[in-house]
Amino acid sequence: MSSCLFCRIVAAEIPAKVIYQDADVVAFEDINPQAPLHCLIIPRRHIATLNDMQVEDAAIVGTMQYRAAQIARERGYADGGFRTVINCNADAGQTVFHIHLHLLAGRILHWPPG
Ligand code: 5GP
Ligand code: ZN
């Protein structure tokens, strides 16, 4: 999807502060961080929203969660805690239509979210 912002980050056509990548996922710092650690973990493969997941996409979402936990641990947030979120569509505030897992840590995260 050449028009997709996050596909363009995957392709390195748009710069991002990449903190991890492998054959399946890329993790990079959010451009507008909402916590001391705020990064996005995305699949290399374009999936627009959680509504568009096929059963064969289930594993990649697990990989994204695993990678988020690894990054949180590496940054020293495993014990204190962290949050992962995937927003789906307008009511949840999704603005980029290539699924992305937010990883937030480093401050008290209130519940319920706004
Ligand atoms: P959403 O609201 O779709 O769940 O989250 C989209 C996230 O992508 C936002 O937190 C926003 O700050 C981030 N974002 C939007 N454009 C860019 C960009 O060009 N680069 C990076 N690194 N993050 C972006
Ligand atoms: Zn995409």
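Start with the shell around ligand 1: by class it has 7 nonpolar, 7 polar and 2 charged residues. Keep in mind that this is a predicted model.

**Stop 1: the shell.** Select ligand 1 and show its surroundings. You should find 16 residues around ligand 1. D30, N87, G93, T95 and H102 are the closest of them.

**Stop 2: the polar contacts.** Pick D30. One of its polar side-chain atoms is 2.5 Å from an oxygen atom of ligand 1. Move to N87. Here a side-chain N or O atom lies 2.9 Å from an oxygen atom of ligand 1. Then select T95. This time the backbone takes part: an N or O atom of the T95 backbone is 2.7 Å from an oxygen atom of ligand 1. Now switch on the surface. Ligand 1 taken alone exposes 520 Å², and the protein buries 83% of that.

**Stop 3: the pocket.** Stay on the surface view. Ligand 1 sits in the largest pocket.

**Stop 4: helix and strand.** Color α1, residues 5-10, and β2, residues 25-29. Each supplies at least two residues of the shell around ligand 1. Which element gives the most to that shell? The answer is α1, with 3 residues.

**Stop 5: H38.** Leave the ligand and select strand β3, residues 37-43, where H38 lies. Is H38 buried or exposed? H38 has a relative accessible area of 6%. That counts as buried, because the cut-off is under 20%. Finally, add Q21 to the selection. Q21 and H38 are 17 residues apart along the chain, and their C-alpha atoms are separated by 16 Å.

How values were computed: Residues are numbered from 1 along each chain as its sequence is written. Chains are lettered from A and ligands numbered from 1 in the order in which they are written. This is a predicted model: local features need pLDDT of at least 70, side-chain atom pairs count only at pLDDT 80 or more; totals for chains, interfaces and linings use all residues. Side-chain values use heavy atoms; hydrogens and water are left out. A residue is near a molecule or strand if one of its heavy atoms lies within 4 Å of it. A polar contact is a pair of N or O atoms within 3.5 Å; within protein, one must be able to donate a hydrogen and the other to accept it, and residues adjacent in sequence count only if both atoms are side-chain atoms. Accessible areas come from the Shrake-Rupley method with a 1.4 Å probe; for residues, only the protein chains shown count as cover. On a 1 Å grid over the protein atoms alone, a cavity is a set of points where a 1.4 Å probe fits but cannot get out, and a pocket is an open set with protein on both sides within 12 Å along at least five of seven lines; lining residues have an atom within 4 Å of a point. A molecule sits in a cavity or pocket if more than half of its atoms lie within 2 Å of its grid points. Helices (H or I, at least four residues) and strands (E, at least two) are DSSP runs, numbered from the N terminus. Ala, Val, Leu, Ile, Met, Phe, Trp, Tyr, Cys and Pro count as nonpolar, Asp, Glu, Lys and Arg as charged, and the others, Gly among them, as polar. Buried means under 20% relative accessible area, exposed over 50%, partly exposed in between (1.4 Å probe, protein chains only).
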